[in-house]
Amino acid sequence: MNNKIIIINGPNINLLGEREQSYYGSITFDKLKENCEKKSAELNLEVNFAQSNVEGEIVNTIQDIKPDVVFCIGWSYLLKQEILQIPKYGVIGYHPTLLP
C-alpha cells in the first residue's frame, strides 16, 4: 500500500510565480504540483494537494484523505492540534521565503 501524503498550501500560495518573484521565485503553483506528482509517482507515494485561504476547508480535506504525512507550505500561523493529530507520521512545515 502506498503512503499517502497531502501537501497543504496556505493563503496566496496559489499565486506562486505571479507575485513578488524576487521573494517567492518564478515557479507557478501548477508547476509545483506537477513536479510533486512526478516525484511521488517515482517513489510510489500517493500525493494530494489542498490549497485554500480558509483554514476550515483545509482541515476538512485532511480529515477526508487521512494522510500518513502532511507537508505544510507557506502557512502564516501555527497549525492547530486538530490538524497535527490527523496524520500518522506527522507534519512537516516549510515557508517559501525569508522570514522577518
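**Close-up views of a predicted model**

**View 1. Strand β3 pairs with strand β4.** β3 and β4 (residues 90–94) run parallel and are joined by 5 bridges. One pairing can be picked out by its residues: phenylalanine 71 has isoleucine 92 as its bridge partner in β4. The model shown here, as in every view, is predicted.

**View 2. Strand β1 pairs with strand β3.** These two strands also run parallel, with 5 bridges between them. Look for isoleucine 8 and follow its bridge into β3, where the partner is cysteine 72. In a regular strand, side chains alternate between the two faces of the sheet.

**View 3. How enclosed is β3?** Of the 5 residues in β3, 4 are buried, so the strand is largely enclosed by the rest of the structure. Buried here means under 20% relative accessible area.

**View 4. The largest nonpolar core.** This core has 12 residues, including Ile6, Ile8, Ala50, Cys72, Trp75 and Leu79. Which elements give two or more residues to it? They are β1 (3–9), α3 (55–65) and β3 (69–73). The largest share, 4 residues, comes from α3. Another core lies apart from this one. That other core has 10 residues, among them Ile13, Leu32, Phe49 and Val69.

**View 5. The surroundings of leucine 79.** Leaving out residues up to four places away in sequence, leucine 79 touches Ile8, Cys72, Leu84 and Val91. Ile8 and Cys72 are familiar from View 2, where they are bridge partners. Both also belong to the largest nonpolar core, as does Leu79.

Note on methods: Residues are numbered from 1 along each chain as its sequence is written. This is a predicted model: local features need pLDDT of at least 70, side-chain atom pairs count only at pLDDT 80 or more; totals for chains, interfaces and linings use all residues. Side-chain values use heavy atoms; hydrogens and water are left out. A nonpolar core is a set of buried Ala, Val, Leu, Ile, Met, Phe, Trp, Tyr and Cys residues joined through side-chain atoms within 4.5 Å. Buried means under 20% relative accessible area, exposed over 50%, partly exposed in between (1.4 Å probe, protein chains only). Contact means heavy atoms within 4.5 Å. Two strands pair if DSSP finds at least two bridges between them.
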